Amino acid sequence: MNHKRPVNLDISTIKLPVTAKVSILHRVSGVILVAAVAVLMWMLDTSLESAEGFASISEIFSSTPAKLLLWACLAALAYHLVAGLRHLLMDMGIGESLEGGKRGAVLVFVIALVLIVLAGVWVW
Amino acid sequence: MVTAATSFGRNGLADWVVQRASALVMTAYVFFLLYFIFATPDFGYEAWKELYSQLWMRIFSLLALLSIVAHAWIGIWAVLTDYFTTRLMGPKATAIRLVCQLLLAVVLVTFLVWGIEILWGL
Ligand code: HEM
């Protein structure tokens, strides 16, 4: 390949519009979810083991760092799911225009924020 | 063109479809679990254990697990092939990406086997 080939997309010099912010956060949350799955599976494993195991979950998640960890997992899931559903809607041709895309992006942030707050209420 | 050797379905359209289908399965699973936890009158160990002893729930859970594995493989493939490129990382990029994908494969197979053990109480 010609190494002197000009590259004109230097992301670090570009101001991200709201649609791009939704997109990159969907990517970041997806990567985080791989680790979150391990946490959630561990919870499933422990909760199904025995009645004591089930009870120990709420005990283990009573400390603040553990609560923050669980909240982060749920937040990543909530955000990724909402932004993912927007993908599916757009695949069906809904909200594909520039205006629709922007409105959808703002909507994703609002809905995800509400769900993340609710998840926090649930954990605490 | 990006070589398709490490993608999931060996072509972009197949991966695209699997990514969407798995997203729907996982979404259904998440909503179902939330519904179950909040709608069960005396939610606790008994109800939880009972739920996961049903064959249909084990199959539903296995489907969700398979969805996670396929979805994460395709998703992380997209991320790695975007950033771990020779343009961004130099000539070692492909080797580094393959090591990452190998590690991911180990993690995902672990999820799969561990999940089956959890579900069937092994
Ligand atoms: C729980 C485990 C999950 C993990 C580990 C995960 C991970 C990922 C990753 C890493 C990506 C790639 C992001 C990118 O290319 O920018 C991705 C994409 C995607 N995810 Fe997930 N995800 C999960 C759950 C979900 C759920 C529940 C949905 C529900 C709607 C979903 C919908 C999507 C969609 C539609 C894409 C494709 C985006 C595109 O084509 O650009 N994911 N996921």
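Two exercises with worked solutions follow, on helix 1 of chain A and on the contact between the chains.

The model is predicted, so that local features need pLDDT of at least 70 and side-chain atom pairs count only at pLDDT 80 or more, while totals for chains, interfaces and linings use all residues. Residues are numbered from 1 along each chain as its sequence is written, and chains are lettered from A in the order in which they are written.

**Exercise 1.** Determine whether the length of helix 1 of chain A agrees with its expected span, and where the helix bends.

*Solution.* Helices are DSSP runs of H or I with at least four residues, numbered from the N terminus. The expected span is 1.5 Å times one less than the number of residues. Helix 1 of chain A (residues 18–49) has 32 residues and should therefore span 46 Å, which agrees with the 44 Å between its end C-alpha atoms. Helix 1 of chain A bends by about 35 degrees at A:Val34, the bend being the angle between axes fitted to the seven residues ending there and the seven starting there.

**Exercise 2.** Describe the side of chain B that touches chain A.

*Solution.* Two residues are in contact if their C-beta atoms, placed from the backbone, lie within 7 Å. The contact takes 17 residues from chain B and 17 residues from chain A. On the side of chain B, helix 1 (12–39), helix 2, helix 3 and helix 5 each give two or more residues, and helix 3 of chain B supplies the largest share, 5 residues.
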